[in-house]
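I opened a fresh notebook page today to see how helices pack and how the chains relate. Here are my entries, in the order I looked things up.

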Amino acid sequence: MFGLIPKEEKFFTMFKEMSANITEGARLLKEMLDNFDDPQASQRRIKDVEHRGDAITHDIIQKLNKSFITPFDREDIYSLASALDDMIDLIDASAIRFIMYNVEKPTAEAKELAFIILQSCQAVEKAVSHLGGKFEHIAEHCVEVNALENEADRVCREAISRLFDEEKDPIQLIKWKEIYETLERATDKCEDAANILESVVVKNA
Amino acid sequence: MFGLIPKEEKFFTMFKEMSANITEGARLLKEMLDNFDDPQASQRRIKDVEHRGDAITHDIIQKLNKSFITPFDREDIYSLASALDDMIDLIDASAIRFIMYNVEKPTAEAKELAFIILQSCQAVEKAVSHLGGKFEHIAEHCVEVNALENEADRVCREAISRLFDEEKDPIQLIKWKEIYETLERATDKCEDAANILESVVVKNA
Amino acid sequence: MFGLIPKEEKFFTMFKEMSANITEGARLLKEMLDNFDDPQASQRRIKDVEHRGDAITHDIIQKLNKSFITPFDREDIYSLASALDDMIDLIDASAIRFIMYNVEKPTAEAKELAFIILQSCQAVEKAVSHLGGKFEHIAEHCVEVNALENEADRVCREAISRLFDEEKDPIQLIKWKEIYETLERATDKCEDAANILESVVVKNA
């Protein structure tokens, strides 16, 4: 008995570390867009967070390799690690696009999407924090992630709709359309992680 | 014994309800593009169908939470519910784009794609209708969905190719390219659902 | 005992055949872009390879249907077959775009991406070749696929960044942006296959 529970808890600890790291990335993205005084420096900081995420993901997979007993299905541990990894990847991809496209000033809608991403990451972090404890609390945070994804979808759609009404330069239009879509995809990845967490709850109910 | 079979059948009934609802959405999309007299009203009706889909998906997941015995793997019930949900989401996303981009008149290719989507949804509905019965019939409808997806792929590719040859306004080109791609992605989602149905057949063969 | 092992080995043989076929497709794509003397003919050859891939995928699924015993989880066999199928689909989709968009001359970056795709397919082929043998060798080739995907990501990002700096014709910009993204997605599909192979290792460790 002794030794098993601490090992299981190690997985929960790693997932908590991973999701706290993602929230840090989302916080940096929101800060980057709110201030935009040194976007290159912000993007580099987000890239560092993304690398830290890769290292944690790698550790989780390594640990999975060596564990006979896991707190929930091996495949789900693998899927959850991948989904969390996708979240930080999309936050990084969003930040990169502001540099790649030489954006001068983020729009209000971009800032709004960055704020929704931060809230989604915080909700995923809360859901993950209940992995070792009361599974029933996970579901409510997943519902929150779903609602935020719907909200991001609406903001993104309205931003793109306005872009087609107002932006006459097609190259600017292409850039901004992709920026909005990348930010929105970050919230899709939060929803994917929430869906996996929900299915873990379902399986272990 | 008593009580178990009815419960299992409840899942099949819910999946049938879900796929009938999707076909209704696809029928409305085809009608919207064929007439296009009041696209806003059509889009709202499709959105209602999408909301009904969300409710059914939610019921399936709730039922899964409370069921000890399921007619096939819990994970597959979960995946199938998600895939069906994605189908109606993409039908809705297609309809939205005609409003969002202020389309004046749908092209012949867009109408053709809407018709292929309707046929794919009908094939998925037929496959789902065999879930409680003869699993071997499922495979043939899945083959049909795959063929329709290939057809949609070809129509989409030719439409985009023609667009690049003929459309000189880059903003119109961007709009139509995305409309064709969204319609085509709806058939991809039908194929994803068909693939899950096929793997259910494989596992339960 | 007798009879079972040969049957298991049949799956490995089919996966090896499948991945060798993909490498052939990637080799043809690289050749197409390097020479570009008759792109239509090259594209048709790649399409033939893609059709052969469909046939092998179909055989794997058929075999899965009839097998009581499989060398690893049925679901993983199914997922791996799908992932390999996606790889050749994206190689085909890349080739098609050069025809569809009437490209006159491939860029250096497109050629570089085709070379990375070839290397990724070769690494996946090597990983697959160890399926029947030493599972621990699979992981190292998967690491290679991951590194190549990062490299493709960087090349694609720089190519698109340069495109926005230099290309003044928005329609050309749209074409090339999508060509680079499609090539990059081919390496994403290699990574997806590598991830499935890694999870097979994890489960069977």
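**Entry 1: α3 and α6 in chain A**

I began with a crossing in this predicted model: α3(A) passes α6(A) in a left-handed crossing. Helix α3 of chain A covers residues 74-100, and helix α6 of chain A covers residues 170-203. I looked up their geometry next: the two axes come within 9 Å and cross at roughly 165°. That makes α3(A) roughly antiparallel to α6(A), because angles over 145 degrees count as roughly antiparallel. I then sorted the residues of this contact by class and noted 16 nonpolar, three polar and seven charged.

**Entry 2: α5 and α6 in chain B**

I moved on to chain B. Which way does α5(B) run relative to α6(B), roughly parallel or roughly antiparallel? I found that the axes of α5(B) and helix α6 (residues 170-203) of chain B cross at roughly 165° and come within 9 Å. That makes the pair roughly antiparallel. I wrote down the handedness too: α5(B) passes α6(B) in a left-handed crossing. In the contact of α5(B) with α6(B), I listed 16 nonpolar, three polar and eight charged residues.

**Entry 3: α4 and α5 in chain B**

I stayed with α5(B) and turned to another partner. Helix α4 of chain B spans residues 108-129, and helix α5 of chain B spans residues 136-166. Their axes are 9 Å apart, and the helices pack at an angle of about 165°. So α4(B) is roughly antiparallel to α5(B). How many nonpolar residues does the contact of α4(B) with α5(B) have? I noted 13 nonpolar, together with three polar and seven charged. The crossing of α4(B) and α5(B) is left-handed.

**Entry 4: how the chains relate**

Next I compared whole chains. I can lay chain A on chain C by a turn of 120° and a shift of 0.0 Å along the axis, with an RMSD of 0.0 Å. That is the relation of a three-fold axis. I checked chain B against chain A as well: a turn of 120° with a shift of 0.0 Å along the axis lays one on the other, again with an RMSD of 0.0 Å.

Which residue of chain A comes closest to the rotation axis? I found Pro170(A), whose C-alpha lies at 3.7 Å. In chain B, Pro170(B) comes closest, also at 3.7 Å by its C-alpha.

I also asked myself why the copies are said to meet through different surfaces. Only 13% of the interface residues of chain B are also interface residues in chain A, so the surfaces are different.

**Entry 5: how confident the prediction is**

I ended with the confidence values. Chain A has a mean pLDDT of 92, and 96% of its residues reach 70 or more. Which element of chain A has the lowest mean pLDDT? I noted helix α1 (residues 4-35) of chain A, at 90. The highest mean belongs to helix α4 (residues 108-129) of chain A, at 98. A reminder to myself: where pLDDT is low, predicted coordinates should not be read in detail.

Definitions and conventions: Residues are numbered from 1 along each chain as its sequence is written. Chains are lettered from A and ligands numbered from 1 in the order in which they are written. This is a predicted model: local features need pLDDT of at least 70, side-chain atom pairs count only at pLDDT 80 or more; totals for chains, interfaces and linings use all residues. Side-chain values use heavy atoms; hydrogens and water are left out. Axes are lines fitted to C-alpha atoms, for helices over the stretch in contact, and angles run from 0 to 180 degrees between N-to-C directions. Helices (H or I, at least four residues) and strands (E, at least two) are DSSP runs, numbered from the N terminus. Angles under 35 degrees count as roughly parallel, over 145 as roughly antiparallel, 65 to 115 as roughly perpendicular and the rest as oblique. A crossing is left-handed if the near helix is turned anticlockwise from the far one by less than a right angle, and right-handed if clockwise. Ala, Val, Leu, Ile, Met, Phe, Trp, Tyr, Cys and Pro count as nonpolar, Asp, Glu, Lys and Arg as charged, and the others, Gly among them, as polar. Copies are superposed by least squares on the C-alpha atoms of residues with pLDDT of at least 70 in both. pLDDT is the predictor's confidence in each residue, from 0 to 100. Contact means heavy atoms within 4.5 Å.
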